[in-house]
Amino acid sequence: IPECSFSVGVGACLYTPNSGSPGDILGYVTGDIVVIGDGHLQLSYHNGKLCPDVGLRSVVEIHFYCNKDIDGGEPVLQSHDSSGCKTEIRWETKYACSQDNSSSSWVITNPST
C-alpha cells in the first residue's frame, strides 16, 4: 500500500485494490494503545486521516474477543461510519482469553518496549 507502507508508525490503513487510491491512514500507534473494557481487549489507533465533515482525525478500534475454538482468527469489519472517522473491527481468537476467565489475569505486553 503506497502511502501507508512508507509512513512510520501506521497502525491501521484502509486500501481498496484497483481503486487508484494510495490508501487512507486510519490511525497511528500512540502511547497506551491497549485497554481492557467490557470483558474484552480493545486496541485503538488514533490521529489518522482528517475527516473533512467534522474536522477530527480518524480512529480505529479493534475489539478482541475470547473464542477458545479459534486459533489466530481474522479481523472482521464491524462498522465504518460514512464520514470515515471511526472504524470498528471485531477479532475473535483464543489469544484474547484470560487464563482463568477473569480480566485480572490478563498480561498485556508491548514487544517494542
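What volume does the second largest pocket have? In this predicted model, the second largest pocket comes out at about 220 Å³. Its lining is made up of 13 residues, and those closest to the centre are Cys-13, Leu-14, Leu-26, Thr-87 and Ile-89. If you want to see which parts of the fold the walls come from, look at strands E1 (10-14), E7 (59-66), E8 (75-80) and E9 (86-93), the elements that each give two or more residues to the lining. E1 has the largest share, with 4 residues. As for chemistry, the lining divides into 10 nonpolar and 3 polar residues, with no charged ones.

Now for the cysteines. The structure holds 2 disulfides. One of them joins Cys-51 to Cys-85, with the sulfurs 2.0 Å apart. This pair links distant parts of the chain, 34 residues apart: Cys-51 sits in strand E5 (residues 50-51), while Cys-85 is in the loop between E8 and E9. Both Cys-51 and Cys-85 are buried.

The other link runs from Cys-66 to Cys-97, at an S to S distance of 1.9 Å. Cys-66 belongs to strand E7 and Cys-97 to the segment after E9, so this disulfide ties together parts 31 residues apart in sequence. The link of Cys-66 and Cys-97 is right-handed, with 90 degrees about the S-S bond.

Are the two ends of that link buried or exposed? Cys-66 counts as partly exposed because its relative accessibility is 41%. Cys-97, on the other hand, has 14% relative accessibility and therefore counts as buried, the cut-off for buried being under 20%.

Definitions and conventions
Residues are numbered from 1 along each chain as its sequence is written. This is a predicted model: local features need pLDDT of at least 70, side-chain atom pairs count only at pLDDT 80 or more; totals for chains, interfaces and linings use all residues. Side-chain values use heavy atoms; hydrogens and water are left out. On a 1 Å grid over the protein atoms alone, a cavity is a set of points where a 1.4 Å probe fits but cannot get out, and a pocket is an open set with protein on both sides within 12 Å along at least five of seven lines; lining residues have an atom within 4 Å of a point. Grid points are joined across faces, edges and corners, and a volume is the space filled by probe spheres set on the points. Ala, Val, Leu, Ile, Met, Phe, Trp, Tyr, Cys and Pro count as nonpolar, Asp, Glu, Lys and Arg as charged, and the others, Gly among them, as polar. A disulfide is a pair of cysteine sulfur atoms within 2.5 Å. Buried means under 20% relative accessible area, exposed over 50%, partly exposed in between (1.4 Å probe, protein chains only).
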